[in-house]
Amino acid sequence: MPTEEIRVCGTVQGVGFRPTVYRLAKACGLRGDVCNDGQGVLIRVSGNEEAITEFVARLQTECPPLAKINQLTRIIYEGELKFDNFVISTSVSNAIKTEITPDAATCPQCQQEIFDPFSRFYRYPFTNCTHCGPRVSIIRAIPYDRCNTSMSAFAMCSECAKEYHDVENRRFHAQPVACHACGPTAWLERADGKSVTASMFSMLDDVDAVCTLLQKGEIVAIKGLGGIHLACDATQETAVQKLRQRKKRYHKPFALMARDIEVIEQYCSVNAKEKELLTSSAAPIVLLQATGKKVLAPSIASGQNTLGFMLPYTPLHHLILRRMNRPIVLTSGNLADEPQCIDNDEAREKLGRIADYFLFHNREIINRVDDSVVRVVGGKVQTIRRARGYAPASISLPPGFHKVPQILAMGSELKNTFCLLRGGEAILSQHLGDLENAAAFNTYQETLNLYLNLFEHKPDIIAIDKHPEYLSSKFGKELAYTNQIKISQIQHHHAHIAACMAENSIPLDSPPVLGIALDGLGYGDDGTLWGGEFLLADYRKFQRLATFKSVPMIGGKQAISQPWRNTYAQLIAANLWDDYQQQYADLEIVKFLRNKPLKLLNQLMDKKINSPTASSVGRLFDAVAAAIGICRYECSYEGQAAIAMEAIVDVSSLNNDKETPIYPFNFIFSDSIYCIDPRPMWQALLDDLQQQIPQPVIAARFHQGLANAIVEMVKYLCQENLIYQVALTGGVFQNCILLEQVTKRLQTLGIKVLTHSLVPANDGGLSLGKAVIAAAQLIHEC
């Protein structure tokens, strides 16, 4: 009888894959065994050839909900199978090549059980099965067995053990399986240390009491799946303002959680794709268009026309929100810019002056995982922050990358991630935050060490950003020096473009694309700061064909937080200020700038003191926003001015090119490179301000004018270089209006447009780009 060894690689551990194998093998009349090991799942089967072929086909079509088969190989098994039936064998430890499954939202069956009074899981906040529950947040090592997770502290009771060992049960080998009798417990504490009991609120238990506390206007710190959140009633302005002041997060929009889709639809429009995302196993925060049917506390997302909603993704959250018929704020439990707390004692220390109450539990969080953030643009998912539910699921690399050595790529300074490259796949870490914060940098190092150990990853190359002051680059150099590993320095915007190419499966040896990378700033090959680049690029190299005009960033980093500095720098760079302060003397922006120490600012620019020039489109957005009165003086978070300006755009005028004037830009060619010059745009914009044209119309005209300038530049470059594919990348292309306008116009010209979906267009996707560039350059050298 034919006997085969079948190797399955991918997301196949901790997702009910072996029970599926067992069920299908029995149905096909096969004998043999299946086990987990470091590479994935190993199956040995014996039976007639037709039965084995049917088994393999059904294995791929009847895959469990959370499983993903990346590769399935079949070879003849030369050994002897001493089995009379089909069995599940013990896990085997060997070379680590399998994946770690992302944490998954509570499945419908578990949801039903926690609200069923006749279920032994009734109101148990840690109910899970192979279709849902914690994975990466609790894992210490591979294989994914209970002893290698934080659930090792909880011995299963007889009932849980029975289900765990029952191959017909959906909890078969569900490593976090637990119940009231044997698993983690949750309890409520007062922040002031005084005792509290659920009886004080006449509630069912401590978890149910949280709902009452939120309804009373209290702030509660809730320990969840991958971290601790701060929660309050999103309809009570007093509570929201109290949270903002205590957390020192004064303007950035808060994330929201609602009991169900019906509650969300009272505040936002939700299309089919957005509903699919909200109810998926990833359960991310989805940015939705606010409708104004019902109004939340004004300071939830001041100046925005979107709200970030998610649904409950753990039994704990479902139980809290059971009686809550309105949304709650659910934001990271941290002080501004610090990493989210994950430990009970850490939370008591750091959040004691923010929260009124704590809802803790005693299941340790091993790996901090923030909530993912996505939105739908033009019917396509756009990932803004890739974390819970998505990371660290692997990303398959394009053709040509399947035999590259192990590579470690470090991220950027902001929105940091790192990437492990191995065997034709990229493992991108969860979002790790901004490394300028010391605590975030420490978390970054700890998480990197965890991943290197989990995957037994020993890189042959470490890819870093060319920026000499990035902490991630310095750390990468230290690792390389200590371990005698080769360093590969990658240009920031080339990495943006390569990431976009990789997630769109552009093969290694494809012709170059025209990459348009628009962002805040990145270190350029000429030693200046870039941020508005048109690069002819493949995975190995690039040529800078065009850019936006470079303008001083007066005060360096201060120009990022104080948009008016960019307005003044733009007017000076265009040689317009002397004339305009007379011509437009009555404009608010001119009066505002006249009150600044212009003589000193001019000296800083003339002598190039802390005023590096940058071709940054991000700073151009800041300059325009400040000019029309949006976040003129200061921004409290990155991109605030640009986001606020996008929110007010008069969308009705966007498609009326003939009726609505489009702000013009100049095109200059010098030193073998094209340059987009915004000088005429400023003349038109200030004329509109003088004529008291409304802000929304001016914002629309700027977006249209910028999109038009980008497309006109693409026309020139495509004709000169015979380019048929354009990649749009960088944080500026998270602007939905700009992305849709540019995409639509390029597609009308017959140009194929590549955009981001799997990884962020912002710096969160940079590590993937650096990894594939380093791999491509190594392949070329060999």
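Here are some questions and answers about a predicted model.

Reader: Let's start with helices α15 and α19. At what angle do they pack?
Author: Two packed helices are described by the angle between their axes and the distance between the axes. For α15 (residues 564–573) and α19 (residues 617–627), the axes are 7 Å apart. Angles from 65 to 115 degrees count as roughly perpendicular, and these two helices are therefore roughly perpendicular to each other. The packing angle is about 100°.

Reader: Which residues of α15 make that contact with α19?
Author: On the α19 side you'll find R619, L620, D622, A623, A626 and A627. By class, the contact has 5 nonpolar, 3 polar and 2 charged residues. From α15, the contact is made by W564, N566, T567 and Q570.

Reader: How many of the 10 residues of α15 are buried?
Author: Buried means under 20% relative accessible area. The residues of α15 that pass are W564, R565, N566, T567, Y568, A569, Q570 and L571. The helix is largely enclosed by the rest of the structure, because the number of its residues that are buried is 8.

Reader: And what comes after α15 with a positive phi?
Author: Look along the chain past the end of α15. There you'll meet a residue whose phi is near 55°. That residue is N575.

Reader: Next, helix α20. Which elements cover its buried residues?
Author: The buried residues of α20 (residues 640–648) are Q640, A641, A642, A644, M645, E646 and A647. That's 7 of the 9, so α20 is largely enclosed by the rest of the structure. What covers them includes β14 (373–377), α19, α22 (695–721) and α23 (736–748).

Reader: Over to strands. Is E4 buried or exposed?
Author: E4 lies in strand β1 (residues 3–11). Leaving out residues up to four places away in sequence, E4 touches I43, R44, V45, I52, R74, I75 and Y77. Its relative accessible area is 10%, and the cut-off for buried is under 20%. So E4 is buried.

Reader: Which side chain does the side chain of E4 make a polar contact with?
Author: A polar contact needs a pair of N or O atoms within 3.5 Å. For E4, the distance is 2.8 Å. The partner is the side chain of R74.

Reader: What about strand β19? Which residues are buried on each side?
Author: Strand β19 (residues 425–428) has both faces covered. On one side the buried residues are E425 and I427, and on the other they are A426 and L428.

Reader: Over how many bridges do β18 and β19 pair?
Author: Strand β18 (residues 419–422) and β19 form a hairpin with 2 residues between them, and G423 in the turn has a positive phi of about 40°. One bridge joins R422 to its partner E425 in β19. The strands pair in the antiparallel sense, over 4 bridges.

Reader: In β19, what is the bridge partner of I395?
Author: Strand β16 (residues 395–396) also pairs with β19. The sense is antiparallel, over 2 bridges. For I395, the partner in β19 is A426.

Reader: Last one: how far apart in space are N666 and D677?
Author: N666 is found in strand β27 (residues 666–670), and at 35% relative accessibility it counts as partly exposed. Setting aside residues up to four places away in sequence, N666 touches C675, I676, D677 and P680. N666 and D677 are 11 residues apart in sequence, but C-alpha to C-alpha the distance is 4.9 Å.

Key:
Residues are numbered from 1 along each chain as its sequence is written. This is a predicted model: local features need pLDDT of at least 70, side-chain atom pairs count only at pLDDT 80 or more; totals for chains, interfaces and linings use all residues. Side-chain values use heavy atoms; hydrogens and water are left out. Axes are lines fitted to C-alpha atoms, for helices over the stretch in contact, and angles run from 0 to 180 degrees between N-to-C directions. Angles under 35 degrees count as roughly parallel, over 145 as roughly antiparallel, 65 to 115 as roughly perpendicular and the rest as oblique. Contact means heavy atoms within 4.5 Å. Ala, Val, Leu, Ile, Met, Phe, Trp, Tyr, Cys and Pro count as nonpolar, Asp, Glu, Lys and Arg as charged, and the others, Gly among them, as polar. Buried means under 20% relative accessible area, exposed over 50%, partly exposed in between (1.4 Å probe, protein chains only). A polar contact is a pair of N or O atoms within 3.5 Å; within protein, one must be able to donate a hydrogen and the other to accept it, and residues adjacent in sequence count only if both atoms are side-chain atoms. Two strands pair if DSSP finds at least two bridges between them.
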